Amino acid sequence: MLRYVGLRLLSTIPVLAFVLLLAFFLLHLAPGDPAALIAGDSATPAQVEAIRAQLHLNEPLSTQLWIWLIDLAHFDLGRSVFSNLPVTQLIAQRFEPTLMLAISTTILAVLLAVPLGVIAAYRARTGIDRGVIVLAVAGYSVPVFVIGYCLIFVFAVQLHWLPVQGYKPLAEGLGGTLRSLVLPTVALALLYVGLIARVTRATMLEVLDEDYIRTARAKGALTLRVLCIHALKNAGPPIVTVIGIGFASLIGGVVVTETVFNIPGLGRLTAEAVLRRDYPLVQGMLLTFAVMLVAINLVVDLTYPLFDPRIRY
Amino acid sequence: MKFRRLFRAALLGGMLASVAALATALPAQADNTLRIKMTGSLGIIDPELTTSTPTRDMAYLVWDTLFATDADYKVQPQMVGKYAISDDQKTYTLTLRDGLKWSDGTPVTPADCIASLKRWMVKDSFGRLLAGELDHMEAVDDTTFKLVLKEPWGMTLQALGKPGAYVPFMMPQRIADTPADKAITEYVGSGPYMMKMDEFAPGSKVVYVKNPYYVPRDEPASFLAGGKVAKVDRIERIDFPDDVSAVNALLAGEIDYMEGVPPDLLPTIEASDTAEWYIRDHLGKSLQVVFNWAQPPFNNEKVRQAAVMALSMKDIQQAYFGDNDKLYTLCPAVFFCGAPYETDINSEHVMKQDIEGAKALLKEAGYNNEPVLVIHPTDAQDADAYMTVAVQNLRAAGFNVEDFATDTATMFSRRTNNGPIADGGWSVFSTGWGGIDMMNPITNVFTKGACDKGWFGWACDDQLQQLSAAYVKAATPEEQKDIAIKLQARIYDVISFVPMGQNYIVVGRSKKLSGLIDGAVSTFWNVSKSD
């Protein structure tokens with residue numbers, strides 16, 4: 001197991017290096033000039049040029065890359081060219097809202113989607129199955145911002161049950177955090193319910209045709225036990241994979257949801273950094289996302305033996 | 001088996017705890033906190049590093065000025081308690097008010113003020129003019145210092161109290177000694193509030209609390225002058241990437257103040273019992289269309305004049321504001337309508353679209369279908385609407401327009417390039433300077449005619465240069481006004497830019513607020529919030 005983990009981690013180094021180099025060059029080749037943005041709309045060309053020189057933006061790309069890599073080797077992601085705050089601090093500020101939203105969305109989506117997928121498979125080609133499929137397709141098709149605005153209008157503006165916007169940090173109390181997460185979680189979870197329910201249904205359909213399921217039934221096992229213990233456990237790896245991909249997407253930032261509910265998460269931070277050509281911040285974000293994606297994939301892979309003992313590392 | 005039970009118990013316990021926490025959470029904060037949504041985002045804090053309006057507006061909370069502009073656009077002493085001008089008009093002796101302290105508790109000294117002025121003079125055009133007139137500055141004692149000029153200059157106080165881009169804010173000397181092109185890293189001021197750096201989350205939230213050492217003036221507040229009394233304990237500036245969410249938050253009482261409400265959302269606020277909207281500043285800002293003098297075809301005066309004839313100010317403004325004509329005015333004045341130098345001289349073609357006339361003038365100018373690249377930022381709702389119409393106007397007159405749809409960041413970058421279009425240059429872009437800068441020929445960038453040393457567009461005209469220089473040296477307000485009128489006449493001859501409508505700053509506010517001060521700068525001293 002440890003050898004497998006070590007090899008997997010080693011294999012991520014070239015992947016991360018490729019992602020970083022590609023991001024660096026694409027970002028710097030894109031039009032836009034942070035110096036002009038920092039100077040502001042009213043600055044003169046001379047003032048813009050002075051800031052450009054201050055930020056070393058006139059240096060060759062290779063020199064800028066070298067400076068960044070040297071800093072990176074010292075675990076220093078640099079400072080935002082706008083706020084002058086360390087990139088690590090900016091990412092840390094936005095990490096909690098994104099992580100909490102990802103966790104709450106994943107939990108809600110799994111709690112709803114897996115039972116729905118199992119029921120749909122068990123009642124395949126019936127009205128229940130078709131109902132679940134329609135629900136899944138609808139959840140997947142309706143844009144998050146439409147659901148979000150509807151939820152805000154009903155539960156926040158009209159009923160005043162929940163806040164319209166914002167995120168309350170855990171440090172200010174769990175209750176506030178949960179209240180601020182309810183509406184964005186529901187809006188986002190509907191999307192992932194559709195995705196996970198469909199995969200669960202499809203996988204379960206395959207598993208339910210297996211001989212050992214027939215054997216279990218022949219032995220007189222209860223339907224619930226057959227479905228949950230014998231079938232669902234064996235259908236686990238593809239479902240966990242989809243959940244992992246979904247969680248990684250959520251961690252990567254859900255810009256639209258964060259925008260509609262004004263949640264200061266990583267998605268908005270990335271979008272703002274790109275629009276402002278805040279090179280150090282964008283590079284730091286991409287590195288963070290790449291590392292998290294690798295980590296989540298690794299964790300998902302490591303869970304496979306829990307569902308299928310034949311898989312060994 | 002035991003593990004499973006434990007797991008189930010933990011899961012159940014967690015769910016129950018979550019529900020309990022959710023049920024007991026307080027929906028609203030009891031407070032004397034003002035929550036505001038402003039236009040743009042505060043990324044840069046140093047007010048001498050950028051001309052960004054969010055930076056300037058929020059800087060007024062943290063830093064103070066020696067002099068300040070009042071509601072009548074007159075300069076009044078602010079940090080200065082008393083001042084004297086020598087008989088030869090060359091020495092200004094400024095004495096700081098008693099008890100002035102920085103937010104770290106140390107006293108404000110003349111050395112701090114001199115260092116702050118030196119840093120400001122590097123960046124600001126008005127500051128550079130003052131630096132040119134200055135012989136030296138010297139501290140007299142712990143609270144008094146002198147500005148000694150080479151020659152009498154009647155705009156000295158106006159420079160020190162200027163409210164537009166690059167305000168001469170006072171900072172402690174150790175901070176003000178930072179080179180002008182490098183951002184300061186310590187944010188200590190003598191304004192009514194202090195920024196809480198431990199809560200600073202750029203793009204999300206900025207928090208200000210009362211400066212315990214601030215001593216307000218005795219006079220009532222008047223725009224940026226007078227007594228700046230901090231009445232709310234805490235100000236939270238919350239960024240919203242989406243205006244609809246911000247309006248919803250205003251209606252739900254989650255924020256108290258929203259700057260820049262889009263016209264299509266005003267009816268939603270009008271229908272509310274708890275909020276209302278108003279026009280905070282009747283000068284506002286104008287849409288300025290700028291032509292690139294450095295490249296064909298707009299290096300030709302007649303082509304520029306033809307473009308002006310092609311543009312319809314009314315259509316352009318209606319594209320964003322619709323029929324809500326309370327929110328804008330069709331203004332012919334270079335120095336803004338409602339400001340001291342308002343005039344309609346030489347503005348016939350600016351005010352009246354004439355497509356046929358534009359076609360004829362283009363022909364006369366020898367326009368040979370050269371490409372015209374219009375930078376069209378689509379990420380700003382207003383600029384997108386304006387430029388969509390401007391592009392159609394220009395095409396209707398026969399210009400060969402390339403509609404370059406892009407984002408604001410790219411526009412900021414591309415407009416610095418005065419080369420040909422093929423090398424990343426441009427022909428037309430739009431911007432939106434505010435009245436507070438535009439109303440003064442010194443801070444209005446379109447009056448200079450300074451060629452490659454001037455602002456983007458690089459308008460190049462001897463007469464504009466001479467008139468601008470004459471304005472700086474004008475001895476009386478009457479003479480200044482006379483020159484300003486001549487400047488407008490010349491600007492509309494050579495077209496250093498063209499204004500395409502003046503629009504106002506619209507604010508949505510909670511009905512719980514009182515004491516808000518009108519004007520071009522957002523100020524939050526003097527504001528109270530009732531229960």
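**View 1. B:Glu236 in strand S10 of chain B is the bridge partner of B:Arg35.** This is a predicted model, in which local features need pLDDT of at least 70, side-chain atom pairs count only at pLDDT 80 or more, and totals for chains, interfaces and linings use all residues. Residues are numbered from 1 along each chain as its sequence is written, and chains are lettered from A in the order in which they are written, while side-chain values use heavy atoms and leave out hydrogens and water. Strand S1 (residues 33-37) of chain B pairs with S10(B) in the parallel sense over four bridges, where pairing requires that DSSP finds at least two bridges between the strands and a strand is a DSSP run (E) of at least two residues, a helix one (H or I) of at least four, numbered from the N terminus. Strand S9 (residues 205-210) of chain B pairs with S10(B) in the antiparallel sense over five bridges, and B:Val207 has B:Glu236 as its bridge partner there.

**View 2. The side chains of S10(B) point two ways.** B:Arg234, B:Glu236 and B:Ile238 point one way, whereas B:Ile235 and B:Arg237 point the other way, and all are buried, meaning under 20% relative accessible area, with exposed over 50% and partly exposed in between (1.4 Å probe, protein chains only). In a regular strand, side chains alternate between the two faces of the sheet.

**View 3. B:Thr523 lies in the loop between strand S18 (513-514) and strand S19 (528-529) of chain B.** B:Thr523 counts as buried because its relative accessibility is 2%. Leaving out residues up to four places away in sequence, B:Thr523 touches B:Phe223, B:Leu224 and B:Ile517, contact being heavy atoms within 4.5 Å.
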